[in-house]
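Let's work through some exercises together. Read each task, look for yourself, then follow the solution step by step.

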Amino acid sequence: MELKDKLVSSFLAFEEAFDVNSDIHELRTRSLKEFEQLGFPSKKEEAWKYTSLNSVLKPDYSVFPKKEDAIEYRDIKKYLIHDIDTYNLIFIDGIYSSHLSQTTHDKIDVCLMSSALNKSKYKPVIDNYFNKIVSKENGFTPLNTAFSKEGAFIHIHKNQLADKPIQIVNFATGNEAALMIQPRNLIVVDENAHVQIIERHQSLTDNPVLTNSVTEIFVAKRAVVDYYKIQNDRDSASLIDNTFVEQKEQSNCSLHTFSFGGKLTRNNLNFYQRGEHSDSTLKGITIIEDKQHVDHNTLVHHISPNCESHQDYKGIFAENSTGVFNGKVLVDKEAQKINAFQSNNNILLDDKATINAKPQLEIFADDVKCSHGCTIGQLDQDSLFYLRSRGIPLKEAKALLMYAFANNVLESVKIPEIKKRITHEIAQKLGVSLGFDL
Amino acid sequence: MLKIKNLHASIDNKEILKGINLEINPGEVHAIMGPNGSGKSTLSSVIAGKEEFEMTRGEIKFEGEDLTELDPEERAHKGIFLSFQYPVEIPGVSVTNFIKASINAHRKSQGLEDMKANEMLKLIREKSEMLEIDRKFLSRSLNQGFSGGEKKRNEIFQMAMLNPKLAILDETDSGLDIDALKVVANGVNKLRNKDNAVLLITHYQRLLDYIVPDVVHVMVDGKIVKSGPKELAYELEEKGYDWLKPEQV
């Protein structure tokens, strides 16, 4: 059976197994209908022209994973930022693991979507924010909404500062021959509140995994959100990440995406600036090889005047890997005096590596500053010669140049442990030891 | 130490070096002077192993060993150092970390462990003081935003740290004011001993007032057309290069 048919026919059983009386029952049913109509996107659609889902949709995914309790902290420690204290929301095969997690309700709420959806205490927040800024451009988000049940629920109340970063990590155990997971996260950051969040999806075996994740982030007036997505999964795992960010006046949201692995990764990242003097930063480093595929599909929608957005994506593609950067900046007529900056630089290391880069600017205001730049090139031979003439072997010299190329994205990482982790993963990925810590 | 015989080299099928002969012995300083485009920088790149240049004829031997098949890093490990006319910027990698990577790569090629942190620090302190380099400078990204003088001083700092047998200084004097030139020259002189050698590539005689050569070679159109004692440099400064066309020799 095709995956689409399987999902549609599983829906009734899904709803009955959990909560047919849930408040969002109607929303789920409606969303399933939307998914039925939209289906999975194909290459015929402009936004998916360079990303084929054929091989990703092929496996016979299990939609109802069995509960797996055997995972211990030592099995997953290396995938966590563990050298600093954090709140942890850990999901194993889509199911919350209480013994691996650390939640809180002290001044801030760091807990589960399943409880937020069921407890009346959270009803006002759910009513106000759940599924409010998602786009229905393709079937993935409605599909996630139809099956939404578990994920992270984070609410940082007015004037609160989350005292430590929050990690949201989804593990797949391989307990199923093939598994589809659909995490659903809601992050509400009230006025003048601050939070730092790290998100990761990680498969522990080589069984196929498809993750269709939806995250909604609401950044209220003067709130600050600092978000990191670490994507370094196995070649058997694919991720469709749909993230929607709404910002109010004087808010600041920065989101870094580090894509170092996985079979296919598609980042649908959408920022909506609804409030003057808001500031958005979208940055990414992609380093992939073999037949890996990473697609960054960004939208920054400038709705209000006097705002800023900064996009900086660096890509390094080796062997047969393929990359896509599709960055759209949309400036409404009312959004005067905004400053939108976009930069996308790529290095192709091998003849067969590919990058499809497509910056798009749609500007309806007449007093704005928008710039975009896109480059595709190779490692500079003169620079390589310089490093080698200092005794640094070719492989390490290449690694140093790649690190230097990606560096200005790393510079804006505010959590030192993340910077350390990322540089470590880059060095490990490139298979080098540089004689010093980057 | 370095023996070059009848060296021909070309890039994109265009011959740049047209039969170079050069012998440098331990303890010596040689200077190569010549007009723009005569092939001086090409010669230094070919000795250091830049792959874009194709050696079509002749040989380069370093301490009796043929260099032809060796990669640039292998030549560096054998003790050849090239100070670049245009050093490369490496954002995100500090001067200190870069020199650590370089030193440890050299050590690894000799089967040695990484240099101990305190030993490295001591060496860095000693050499940076010798070249009057500010400590803040060492934590800056390599060559990024450096002035011309800072770049050159940094090249000589790396040379001091690596202590090569043969140092090739390619236009190290260009872009330096007189004070910076003195500091750099003073550093090079302090590093000289009976076992190492220096090859200076320069346009101007000015540098040779501070680093005094044993031999001056004049290069015109891919060939060394005249060699002589240090006084030759003054003659060139006075008369220019026109009297030394290759066909007249």
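**Exercise 1.** Find helix α1 of chain B and work out how many of its residues are buried.

Solution. Keep in mind as you go that this is a predicted model.
- Step 1: Locate residues 40-48 of chain B, which make up helix α1.
- Step 2: Apply the cut-off: a residue is buried if 20 or more other C-beta atoms lie within 10 Å of its own.
- Step 3: Tally up, and nine of the nine residues turn out to be buried, so by this cut-off the helix is mostly covered.
- Step 4: Put names to the buried residues: Lys40(B), Ser41(B), Thr42(B), Leu43(B), Ser44(B), Ser45(B), Val46(B), Ile47(B) and Ala48(B).
- Step 5: Step just past the helix, and you meet Gly49(B), with a positive phi near 100°.

**Exercise 2.** Work out the strand order of the six-stranded open sheet in chain B, and find which helices pack on the sheet.

Solution.
- Step 1: Read across the strands of chain B, and you get β6-β9-β10-β3-β11-β12, with mixed pairing.
- Step 2: Look at the edges, where β6 (80-83) and β12 of chain B stand; each has a single partner strand, so one side of each has no neighbour in the sheet.
- Step 3: Check the twist, which averages 20° from one strand to the next.
- Step 4: Zoom in on one pair: β3 (residues 29-33) and β10 (residues 197-202) of chain B run parallel and share five bridges. Here Val29(B) sits opposite Val198(B) of β10(B).
- Step 5: Add the helices. α1(B) packs on the sheet and touches β3, β6, β9 (166-170), β10 and β11 (215-220) of chain B, with its direction at about 145° to that of β9(B). α6(B) also packs on the sheet, touching β6 and β9 of chain B, and makes about 170° with the direction of β6(B).

**Exercise 3.** Describe how α3(B) and α6(B) cross, and list the residues that make the contact.

Solution.
- Step 1: Recall what to look for: two packed helices are described by the angle between their axes and the distance between the axes.
- Step 2: Follow the axes of α3(B) and α6 (residues 148-162) of chain B, which come within 10 Å and cross at roughly 35°.
- Step 3: Note the hand: α3(B) passes α6(B) in a right-handed crossing.
- Step 4: List the contact residues. α3(B) gives Val95(B), Ile99(B), Ser102(B), Ile103(B) and His106(B), while α6(B) gives Asn154(B), Gln158(B), Met161(B) and Leu162(B).
- Step 5: Sort the contact residues by class, and you get five nonpolar, four polar and no charged residues.

**Exercise 4.** Is Pro229(B) buried or exposed?

Solution.
- Step 1: Find Pro229(B) in the loop between β12 (223-228) and α8 (231-239) of chain B.
- Step 2: Count its C-beta neighbours inside 10 Å: there are 10, so Pro229(B) counts as exposed.
- Step 3: Look for Val216(B), which is 13 residues away in sequence but 5.8 Å away in space, C-alpha to C-alpha.

**Exercise 5.** Work out which elements of chain B touch chain A.

Solution.
- Step 1: Count the contacts: 26 residues of chain B meet 21 residues of chain A.
- Step 2: Pick out the elements of chain B that give two or more residues, namely α2 (72-78), β7 (90-94) and α3 (95-109).
- Step 3: Find the largest share, which is the eight residues from α3(B).
- Step 4: Sort this side by class, giving twelve nonpolar, eight polar and six charged residues.

**Exercise 6.** Trace the ten-stranded sheet of chain A and find what packs on the sheet.

Solution.
- Step 1: Write down the order in chain A, β2-β1-β5-β8-β10-β12-β14-β16-β18-β20, an open sheet with mixed pairing.
- Step 2: Check the edges: β2 (95-96) and β20 (369-377) of chain A each have a single partner strand, so one side of each is left without a neighbour in the sheet.
- Step 3: Look at β1 (residues 87-92) of chain A, which runs antiparallel to β2(A) and is joined to β2(A) by two bridges. Ile92(A) stands opposite Ile95(A) there.
- Step 4: Add helix α9 (residues 394-410) of chain A, which packs on the sheet and touches β12 (252-261), β14 (279-288), β16 (308-317) and β18 (339-348) of chain A.

Terms used: Residues are numbered from 1 along each chain as its sequence is written. Chains are lettered from A and ligands numbered from 1 in the order in which they are written. This is a predicted model: local features need pLDDT of at least 70, side-chain atom pairs count only at pLDDT 80 or more; totals for chains, interfaces and linings use all residues. Two strands pair if DSSP finds at least two bridges between them. Helices (H or I, at least four residues) and strands (E, at least two) are DSSP runs, numbered from the N terminus. Two residues are in contact if their C-beta atoms, placed from the backbone, lie within 7 Å. Axes are lines fitted to C-alpha atoms, for helices over the stretch in contact, and angles run from 0 to 180 degrees between N-to-C directions. Ala, Val, Leu, Ile, Met, Phe, Trp, Tyr, Cys and Pro count as nonpolar, Asp, Glu, Lys and Arg as charged, and the others, Gly among them, as polar. A residue is buried if 20 or more other C-beta atoms lie within 10 Å of its own, exposed if 12 or fewer, and partly exposed in between; C-beta atoms are placed from the backbone. A crossing is left-handed if the near helix is turned anticlockwise from the far one by less than a right angle, and right-handed if clockwise.
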